[in-house]
Amino acid sequence: MVGRFLIREGTHHWFYLEWILNAQQHNALHLHFTMEDNPSLTEQVRQRYRSSYSGTFYRRFILGEWTAAKGLVYDFFDPARDAPAPPEGELEDYVISVDYGTANPCSFGLWGLRGGVWYRVEEYYYASRRTGVQLTDQEYTAALRCLAGEHAIRCIVADPSAASFIAALRQEGYHVVKADNEVLSGIRITADLLKSGRIVICNGCKDCLREIALYRWNEDDTGRDAPRKENDHAMDDMRYFAVTIAAQANIGCENPFCSVARKPSSGGFMANKGVET
């Protein structure tokens, strides 16, 4: 029997535990190939794939290693290099991403499109544990309206579990899209978009920049890849936006996981009274 296995997992995967570690017991021959062994790929294509990944995903998808996720999630990101000032003037399109929280922090990102690149130009971040005061859905709606300013907002991409806040936004006339919330593939897509410069965090978005410098993989022996549940609120709203909106443009996207995201609704500001999206 001949089998081929494409590595996308860590060292707790059943195939690694049963077949790779016990190949001799199964009378099996383990051969390790990478894309360097594929004669149909040109060096230009190989370099494009190499530049699409870093950290854990580079070791898995490029080097073909069975490795656990560890360290910073977005380990390639350098705020001094990768966080410019926002573009001047009005942008082509605007979307707001939302990670809703009451006891936990609530994070909104205002994204603007120019020349095929989405810029996180402004943000709102509220941590009730810092202030000792929890805000209502109506107060968060007012904060979102202030963030939107005079811009025509195409849609709000929201945490799909935030039922009451989604209802409040729709009552205000906003078109709300429930975000794709698959974490691991969402992180892969977000990393690809950040590395390729198709989404950009501007230098005024201090909480997003603070979190991206702290956002780490959970290295506990749980047997699955997952980020730590801390410093993740702006990270979640950025991931919602990246997967649900930015990845859909597919501008030169090399990430094979972009296809999991849903197609965004088109059009500008529009009412959506309780319609599920």
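**Exercise 1. The chain as a whole**

How much area does the chain expose, and what share of it do carbon and sulfur atoms supply? Describe the overall make-up of the chain as well.

Solution. The structure is a predicted model.
- Step 1: the exposed area of the chain is about 14,100 Å², and 51% of it comes from carbon and sulfur atoms.
- Step 2: of the 277 residues in the chain, 49% are buried.
- Step 3: the secondary structure consists of ten helices and six strands.
- Step 4: take the contacts between residues at least 6 apart in sequence; 66% of these join residues at least 24 apart.

**Exercise 2. Strand S1**

How many of the residues of strand S1 are buried, and which residues lie on each side?

Solution.
- Step 1: S1 covers residues 93–99, and seven of the seven are buried, so the strand is largely enclosed by the rest of the structure.
- Step 2: in a regular strand the side chains alternate between the two faces of the sheet.
- Step 3: one side of S1 holds Asp93, Val95, Ser97 and Asp99, while Tyr94, Ile96 and Val98 are on the other.
- Step 4: the residues on both sides are all buried, and thus both faces of S1 are covered.

**Exercise 3. The partners of S1**

Which strand runs antiparallel to S1, and which strand pairs with S1 in the parallel sense?

Solution.
- Step 1: the antiparallel partner is strand S2 (residues 106–114), joined to S1 by seven bridges.
- Step 2: two residue pairs show how S1 and S2 line up. Valine 98 is opposite phenylalanine 108 in S2, and aspartate 99 has serine 107 of S2 as its bridge partner.
- Step 3: six residues lie between S1 and S2, and the two strands form a hairpin.
- Step 4: the parallel partner is strand S4 (residues 153–158), with five bridges to S1. Serine 97 is bridged to valine 157 in S4.

**Exercise 4. From S2 to S3**

How many residues of S2 are buried, and how many bridges pair S2 with S3?

Solution.
- Step 1: eight of the nine residues of S2 are buried, so S2 is largely enclosed by the rest of the structure.
- Step 2: S3 spans residues 117–126 and pairs with S2 over nine bridges in the antiparallel sense.
- Step 3: one of these pairings sets arginine 114 against valine 117 in S3.
- Step 4: S2 and S3 form a hairpin with two residues between them, and glycine 115 in the turn has a positive phi of about 60 degrees.

**Exercise 5. Isoleucine 156**

Is isoleucine 156 buried or exposed, and which residues does it contact?

Solution.
- Step 1: isoleucine 156 is part of strand S4.
- Step 2: its relative accessibility is 0%, and it therefore counts as buried; the cut-off for buried is under 20%.
- Step 3: isoleucine 156 and isoleucine 96 are 60 residues apart along the chain, yet their C-alpha atoms are separated by 4.9 Å.
- Step 4: neighbours within four places in sequence aside, the contacts of isoleucine 156 are Ile96, Val98, Leu144, Leu169, Tyr174, His175, Val176 and Val177.

**Exercise 6. Two helices**

Where around the axis of H2 do its buried residues lie, and which residues does threonine 141 touch?

Solution.
- Step 1: H2 runs over residues 43–50, and Val45, Arg46 and Arg50 are buried in it. These residues cover an arc of only 140 degrees around the axis, which means that they are on the same side of H2.
- Step 2: threonine 141 belongs to helix H6 (residues 137–148). Its relative accessibility of 3% makes it buried.
- Step 3: leaving out residues up to four places away in sequence, threonine 141 touches Phe165, Ala168, Leu169 and Glu172.

**Exercise 7. Two loop residues**

What relative accessible area does leucine 29 have, and what is the phi of asparagine 231?

Solution.
- Step 1: leucine 29 sits in the loop between helix H1 (14–20) and H2. With a relative accessible area of 72%, leucine 29 is exposed.
- Step 2: together with Leu31 and Phe33, Leu29 forms a nonpolar surface patch with about 390 Å² of accessible area.
- Step 3: asparagine 231 is in the loop between helix H9 (206–212) and helix H10 (233–249). Its relative accessibility is 24%, and it counts as partly exposed.
- Step 4: although asparagine 231 is not a glycine, it has a positive phi of about 50 degrees.

Conventions: Residues are numbered from 1 along each chain as its sequence is written. This is a predicted model: local features need pLDDT of at least 70, side-chain atom pairs count only at pLDDT 80 or more; totals for chains, interfaces and linings use all residues. Side-chain values use heavy atoms; hydrogens and water are left out. Buried means under 20% relative accessible area, exposed over 50%, partly exposed in between (1.4 Å probe, protein chains only). Helices (H or I, at least four residues) and strands (E, at least two) are DSSP runs, numbered from the N terminus. The arc is that of the directions from the helix axis to the C-beta atoms. Contact means heavy atoms within 4.5 Å. Accessible areas come from the Shrake-Rupley method with a 1.4 Å probe; for residues, only the protein chains shown count as cover. Patches are made of residues with over 30% relative accessible area and no salt bridge: like charges are joined within 9 Å, nonpolar side chains (Val, Leu, Ile, Met, Phe, Trp, Tyr) within 5 Å. A salt bridge is a side-chain nitrogen of Lys or Arg within 4 Å of a carboxyl oxygen of Asp or Glu. Two strands pair if DSSP finds at least two bridges between them.
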